[in-house]
Amino acid sequence: MDSYGCRCKNGVIIEGIFGEIYPDLLQYKTDREEALDYEQESLGNLVGDSNQAFEIPKPMTIKSYTMINNNRMEVTVITWGASIISLKCPDKFGHTADVVLGFDDLKNYMDPIFNPFIGCVLGRCANRIRNGFFSFKDKDYQLPKNDSNIHHLHGGTNGFGRQIWNSHIDGCSVVMSYLSEDGEEGYPGAVLATVRFKLTPDNKLEIHMRATTSKSTIVNMSHGSLFNLAGHDAGEVELKQHKILLNCDRWTFADYTDPIPTGAIRGVGGTVMDFRIPRLLGEYMAKVPPGEGYDHNFCVTKNWPSGSSFVARALHMKSGRVLEVYSDQPGVQFYTGGRLLPRFPSTTFFTYDDCPHEQKLQTDYEHINDYLNGNNESAENVEEALLSNVKPPQFLRGKKGAHYKKNCAFSIQPQNYPNAINYAHFPCAILHPGQVYCHDLTYKFGVQLANYM
């Protein structure tokens with residue numbers, strides 16, 4: 001573990017190792033070993049045979065960076081998905097708490113079922129694309145449908161949030177970069193993306209996102225941290241005690257049966273979407289059909305044509321913690337965790353590792369063994385047996401044994417409008433070669449000693 005003093009002398013950055021990923025051994029199969037049965041040959045035999053052209057794979061290190069300022073605020077980011085895994089800040093009484101959801105180890109972060117996008121960078125294209133389909137320059141593109149097998153969400157099953165980013169410390173900042181190859185997740189063009197994290201002396205976490213491309217493509221980046229200003233483990237009761245203000249006078253209308261905007265843009269006045277004055281979440285969440293809270297895109301009221309604008313303010317009255325959000329993007333997705341728990345599609349094949357320890361699958365072991373041994377006739381029986389006994393999880397196991405349940409946290413994600421590529425009147429989502437995509441996002445933390453909001 002290494003410690004680096006910030007040039008401004010108001011903070012420190014600590015570099016460490018969060019975990020290691022071992023590549024799939026089958027990727028190291030050589031042409032001369034094609035006849036070798038890898039399922040029956042042990043790794044020890046492979047290593048012991050000096051005549052085999054086999055190289056032991058080296059683990060890929062997932063680094064962590066902890067930024068600490070002189071106000072006892074502490075932010076930890078890792079190179080898996082450029083994720084924020086911890087954000088600690090004091091309340092009005094001086095008590096420090098971690099206010100973002102996360103997990104204790106790398107295995108949980110890498111689990112695609114129970115952690116699709118918690119705390120990571122969202123991209124190439126944040127939010128949803130209808131049916132995962134778009135056309136550009138007379139060419140059709142089909143992207144993975146990773147949102148209930150219907151829509152494309154947050155860059156796909158292996159988007160920016162599920163990749164290993166390169167990293168280094170640059171003065172007071174942590175800089176991460178990732179090269180997305182042409183065709184990755186169905187997107188055209190190779191995209192080089194960078195994210196710069198900086199914790200300032202006045203408790204601002206600045207996230208500067210940049211991207212360039214080799215071909216015209218879609219780029220819409222944001223960050224997926226889930227907050228509960230009472231503490232990451234405070235749950236739904238304390239989430240409902242937050243007061244939320246959004247600097248938005250319109251929203252992209254979406255029917256409650258489908259989160260994709262219809263293309264209509266409506267005013268928020270007189271509706272449950274009106275957060276132009278502070279609203280207590282507990283009084284409004286249940287009024288949003290179908291009762292799962294908010295997962296909607298709002299149109300930011302810009303203070304000036306370019307540059308960052310005030311987007312939102314959240315206050316937890318009991319602790320006094322305040323979060324203000326600033327961004328230069330035209331929209332903001334406000335989400336209250338109604339879809340936090342995984343929803344298993346009917347085509348998913350489950351294993352025991354896919355389910356929480358509290359939920360055991362009762363299945364026909366004979367059919368399972370036949371299936372694993374290559375008897376495809378038992379495949380349908382296995383899947384039917386597994387699916388019939390899977391119960392929806394009641395919580396996710398988070399940091400320090402916390403139980404993350406539905407509606408236990410909120411996320412404020414500035415970004416372009418959802419499905420903007422398929423609506424000509426929405427802000428342009430296309431990045432062309434020679435252009436630089438820019439998104440400057442700031443989370444500013446503070447305390448409020450009295451209830452003036």
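**The largest cavity**

Begin by selecting Pro289, Gly293, Asp295, His296 and Arg339. In this predicted model, the lining of the largest cavity is made up of eight nonpolar, three polar and five charged residues. The lining has 16 residues in total, and the five just selected lie nearest the centre of the cavity. The space inside amounts to about 130 Å³. The structure holds five cavities of 30 Å³ or more.

Keep Pro289 selected and add Pro290. The peptide bond that runs from Pro289 to Pro290 is cis, and its omega is near 5 degrees. Pro290 belongs to the loop between helix H4, residues 281-284, and strand S22, residues 295-300. Pro289 therefore takes part in two features of this tour: the cis bond and the group of residues nearest the centre of the largest cavity.**The whole chain**

Now display the entire protein chain, coloured by secondary structure. The chain has six helices and 30 strands. Of its 453 residues, 52% count as buried. The chain exposes about 21,000 Å², and carbon and sulfur atoms supply 49% of that area.

Which share of the contacts between residues at least 6 apart in sequence joins residues at least 24 apart? The share is 68%.

Next, colour the chain by pLDDT. The average is 86, and 80% of the residues score at least 70. Select residues 25-44, where the pLDDT is below 50. Beyond near neighbours in sequence, this stretch has 27 contacts in the model. Then select residues 345-368, another stretch with a pLDDT below 50. Here the model has 46 contacts beyond near neighbours in sequence.

**The largest pocket**

Select Pro116, Phe117, Asn146, Asp147 and Leu153. These residues are the closest to the centre of the largest pocket, which is lined by 40 residues. The pocket holds about 1,100 Å³ of space. By class, its lining divides into 19 nonpolar, 13 polar and eight charged residues.

**From Gly123 to Asn131**

Select Gly123 and Arg124, and display the backbone atoms. A cis peptide bond joins these two residues, with omega at about 0 degrees. Arg124 lies in the loop between strand S7, residues 121-122, and strand S8, residues 128-129.

Move along the chain to Asn127, which is also found in the loop between S7 and S8. Although Asn127 is not a glycine, its phi is positive, at about 70 degrees. Is Asn127 buried or exposed? Asn127 counts as buried because its relative accessibility is 2%, and the cut-off for buried is under 20%.

Continue to Asn131, in the loop between S8 and strand S9, residues 133-136. Asn131 is a residue other than glycine with a positive phi, here near 55 degrees. Its relative accessibility is 36%, so Asn131 counts as partly exposed. Add Gln142, Lys145, Ile150 and His151 to the selection. Leaving aside neighbours within four places in sequence, these are the residues in contact with Asn131.

Asn131 can also be related to the pocket visited earlier. Draw a distance line from its C-alpha atom to that of Asn146. The two residues are 15 apart along the chain, and their C-alpha atoms are separated by 9.7 Å. Asn146 is one of the residues closest to the centre of the largest pocket.

**Tyr326 in strand S24**

Select Tyr326, which is found in strand S24, residues 321-327. Tyr326 counts as partly exposed because its relative accessibility is 25%; this class lies between the cut-offs of 20% and 50%.

Which residues is Tyr326 in contact with, leaving aside its neighbours within four places in sequence? They are Ser309, Phe310, Val311, Asp440, Leu441, Thr442 and Lys444. Display these side chains together with Tyr326. Strand S30 covers residues 437-447, and Asp440 is one of the contacts of Tyr326.

Then draw a line between the C-alpha atoms of Tyr326 and Glu206. The distance in space is 9.4 Å, while the separation in sequence is 120 residues.

**Gln448, after strand S30**

Finish at Gln448, in the segment after strand S30. With 12% relative accessibility, Gln448 counts as buried. Select Leu315 as well and compare the C-alpha positions. Gln448 and Leu315 are 133 residues apart in sequence and 8.1 Å apart in space, C-alpha to C-alpha.

Definitions and conventions:
Residues numbered from 1 in each chain as written. Heavy atoms only, no water. Helix = DSSP H or I, 4+ residues; strand = E, 2+ residues; numbered from the N terminus. Buried < 20%, exposed > 50% of the residue type's maximum accessible area, 1.4 Å probe, protein only. Contact = heavy atoms within 4.5 Å. Areas by Shrake-Rupley, 256 points an atom, 1.4 Å probe, with all protein chains shown as cover. pLDDT = per-residue confidence, 0-100. 1 Å grid on protein atoms, 1.4 Å probe; cavity = no way out; pocket = protein on both sides within 12 Å on 5 of 7 lines; lining within 4 Å. Points joined across faces, edges and corners; volume = space filled by probe spheres on them. Nonpolar A, V, L, I, M, F, W, Y, C, P; charged D, E, K, R; others polar.
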